[in-house]
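This briefing covers one helix, one hairpin and the nonpolar cores of the model shown below.

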Amino acid sequence: MKRILATGLLAAALAPGTMAQTPLVIGQTIALSGSTAEHGRGLVLGAKAHFDAINKAGGISGRLIELRTLDDANDSARATANTRTLAASNEVLTIFSGAEGGPCVASLQVATELKISQIGCAAGSPDLRDPFNRYSFPVRAAHLSEFDRLIATAFQVGEKRLGFLYSPGANGEKHLANVRKLLAARGETLALALPLDPKVSPEELARRISAAKVDAVFNHGSYSTIAAIFKADRKLDRQTKFMAVNSGAQQMVKLLGEDARNLIFTQVVPFPWARTPAIVRDYRVALEQADPKAEPSFSSLEGYINARVLTLALERAGPRVTRASLISAMESMRDVDLGGIRLRYSPTEHTGLTYVDTVVVKSNGQFVH
């Protein structure tokens, strides 16, 4: 009898008149534990703030959004397994808003194999864009744009002997090649290319940076690793100027404490403590409603923006959205104003946002825009 009842309930749930009662299921693999957990939890917080607001307003075409999140601890193998687990459920419409290059690229490989989209992975890896992949929809600007901004910032103050810290492996080598191209376009060369070999201590890496006598260094790699090298550098007689890409900026500042003063970061979202553009105001309202004690952050704002992009696509896809129709809906957003920042996709180009800015850390650990 229980088996018959379950079948009857399933049939009722799938009947045309009750479609609005079935949730819109979104899969997510992201670091909720490990060294990048705080960044991952921030992304989830921002995304859920937007989804909660949408659900309180009645959902999309009467269907509520359900976010299923699995912890990958910033481990590529776990991200791979999580993506397979999530995609195995036919009701999961997309793989949404992971974090960091390694897990995001690993997850995308599975998503591509299983023909399910990956939307809003918080990483700047070249593999998310090149070669073109119909299942990959990055929202944030690529690291290439951030590197270009950091190089321009250094050159503006006469710092031309630059070092680049990068994660070993194919992804890091691609970033290194891009940095060399950006410098070559300015008639310059890279003074130091230093892979972040996990077998080499932060102290030894800091000594190698100091010995190269560079004016400034910038990075691709885990913020916890960069923070450890930075701290080791501050114990040397010759201290180096550090600049960094966005990922985990606030978390890195917490790790560094007073040593973070004057550190320059690029950011791929607007300033979370401002009142403009409009999307920041919307985010702060949603965050306050979701968790009145939560402080604004770059991480949660990025999660919120990713969720907003996804819900726009879900609205365009209509009440009977499928994995395939969601991809088509994403590709229909050819020039969308999200509230002061513009987004662009098409069937042949998945650009997302191109927004890049810089912030500086003050002596009290706060950011100056």
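**Helix 4**

Helix 4 (residues 101-114) has 14 residues, which at 1.5 Å a residue should span 20 Å, and its end C-alpha atoms are 20 Å apart, so the two agree. The expected span is 1.5 Å times one less than the number of residues. Helices (H or I, at least four residues) and strands (E, at least two) are DSSP runs, numbered from the N terminus.

This is a predicted model: local features need pLDDT of at least 70, side-chain atom pairs count only at pLDDT 80 or more, and totals for chains, interfaces and linings use all residues. Residues are numbered from 1 along each chain as its sequence is written, and side-chain values use heavy atoms, with hydrogens and water left out.

- Buried residues of helix 4 (under 20% relative accessible area, 1.4 Å probe, protein chains only) include Gly101, Pro103, Cys104 and Val110.
- These buried residues pack against, among them, strand 1 (24-30), helix 3 (76-87) and helix 6 (170-184).
- Just after helix 4, Lys115 takes a positive phi of about 60°.

**Hairpin**

- Strand 12 (residues 342-346) and strand 13 (residues 349-352) run antiparallel and are joined by three bridges; strands pair if DSSP finds at least two bridges between them.
- Two residues lie between the strands of this hairpin.

**Nonpolar cores**

- The largest nonpolar core (buried Ala, Val, Leu, Ile, Met, Phe, Trp, Tyr and Cys joined through side-chain atoms within 4.5 Å) has 77 residues.
- Helix 11 (residues 298-317) gives the most to this core, with 10 residues.
- A second, separate core of 18 residues includes Ile151 and Phe155.

Notes
Buried means under 20% relative accessible area, exposed over 50%, partly exposed in between (1.4 Å probe, protein chains only). Contact means heavy atoms within 4.5 Å.
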